[in-house]
Amino acid sequence: MNDDRLFSAIALRLLAVALFAGMTVCVKLAEQGGASLGEILFYRQSGAALLVTGVIAAGPGVASLRSRRMGAHLLRAVVGLITMGFGFSAVLALPLAEVTTIGFSMPIFATVLGALILKEPTGWRRWVAVLTGFAGVVIVAQPGANAIPLGGATLGVLAAAGTACVSIMLRQIGRTESALTTVFWFSTLSLLPLGIIYAASAQGHEPHVWLMLGAIGLLGGAAQLAMTASLARGPVSVVVPMDYTSLIWATLFGWLVFGTLPVPATWIGAPIIVGSGLFIVWREHVRRRDATTRAIAEGIG
């Protein structure tokens, strides 16, 4: 893979992280302005559906949306929507830095699920990283303390576990479906239940709240497309570590917009969670590289 593609993959991933961080700020501001969770979710998915439909129409065309795996897309939409509900609820309940840090536990859950569901080989090093990462989550959540709401921390952990479930599903769906097709069906299938919820919860808002709701959809959709494009240009082991820059955005926005800074426990737990996540990504890269080397050697032999 040439340097230009790697550079563009990293740049797109960093852009996606920044856009998601901006969307998270808009989620909190919209809720503070009176928007309900149902409204926020509806506009998030509406914006993504609009953007991805435009990209598909301008690129591969509507024919690329044909799928023989609608059951898998439907299940992914259900799990993804529940996970997004947990995630946005955590955003509304916790400071930005804390919810972002807890979200970093996703690779930890993905490792556990990969071992249990996909029967992926998981050596003792990665299990140590998993246990270390969970210790970091406990430090940040501080059960029994009052630094951050325990309910919000629990929602953040559920969102991370749900995201790991979605990542397992996407590995299976991605064997036959393109990334754009998967994003399209997730966004559009979500609109039916969210439309019902929106119809029951829709209300009038001040102009700045409508602006935030629109921004949630556009920023979230653009971030999803940028993240998809980054994976098309670079390997997971290169682009995924860029996600940890979201803690910088969360800390900056939390301070500038909401006047909050991470609690001391977050400064301790965050490096532990990030370190374990990076180690898991690196070990996965090593495992795949070794598997490829063995396959080539067997083919030559």
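Buried here means under 20% relative accessible area, exposed means over 50%, and partly exposed is what falls in between (1.4 Å probe, protein chains only). This is a predicted model, where local features need pLDDT of at least 70 and side-chain atom pairs count only at pLDDT 80 or more, while totals for chains, interfaces and linings use all residues. Residues are numbered from 1 along each chain as its sequence is written, and side-chain values use heavy atoms, leaving out hydrogens and water.

**Inside**

- The largest nonpolar core (buried Ala, Val, Leu, Ile, Met, Phe, Trp, Tyr and Cys joined through side-chain atoms within 4.5 Å) has 37 residues, and Ala30, Ile40, Phe88, Leu213 and Ile216 touch the most other members.
- Elements giving two or more residues to this core include α1 (3-32), α3 (70-93), α9 (207-233) and α12 (264-300); helices are DSSP runs of H or I, at least four residues, numbered from the N terminus.
- The top contributor to this core is α3, with six residues.
- Leu213 touches Ala30, Ala35, Glu39, Ile40, Tyr43 and His205, not counting residues up to four places away in sequence; contact means heavy atoms within 4.5 Å.
- There's also a second, separate core of seven residues, with Val52, Ile56, Phe184 and Leu225 among them.

**A buried threonine**

- Thr266 is in helix α12 and counts as buried, at 2% relative accessibility.
- Leaving aside neighbours within four places in sequence, Thr266 is in contact with Ala97, Glu98, Thr101, Val140 and Pro271.

**Out on the surface**

- Leu256 sits in helix α11 (residues 246-258) and is exposed, with a relative accessible area of 55%.
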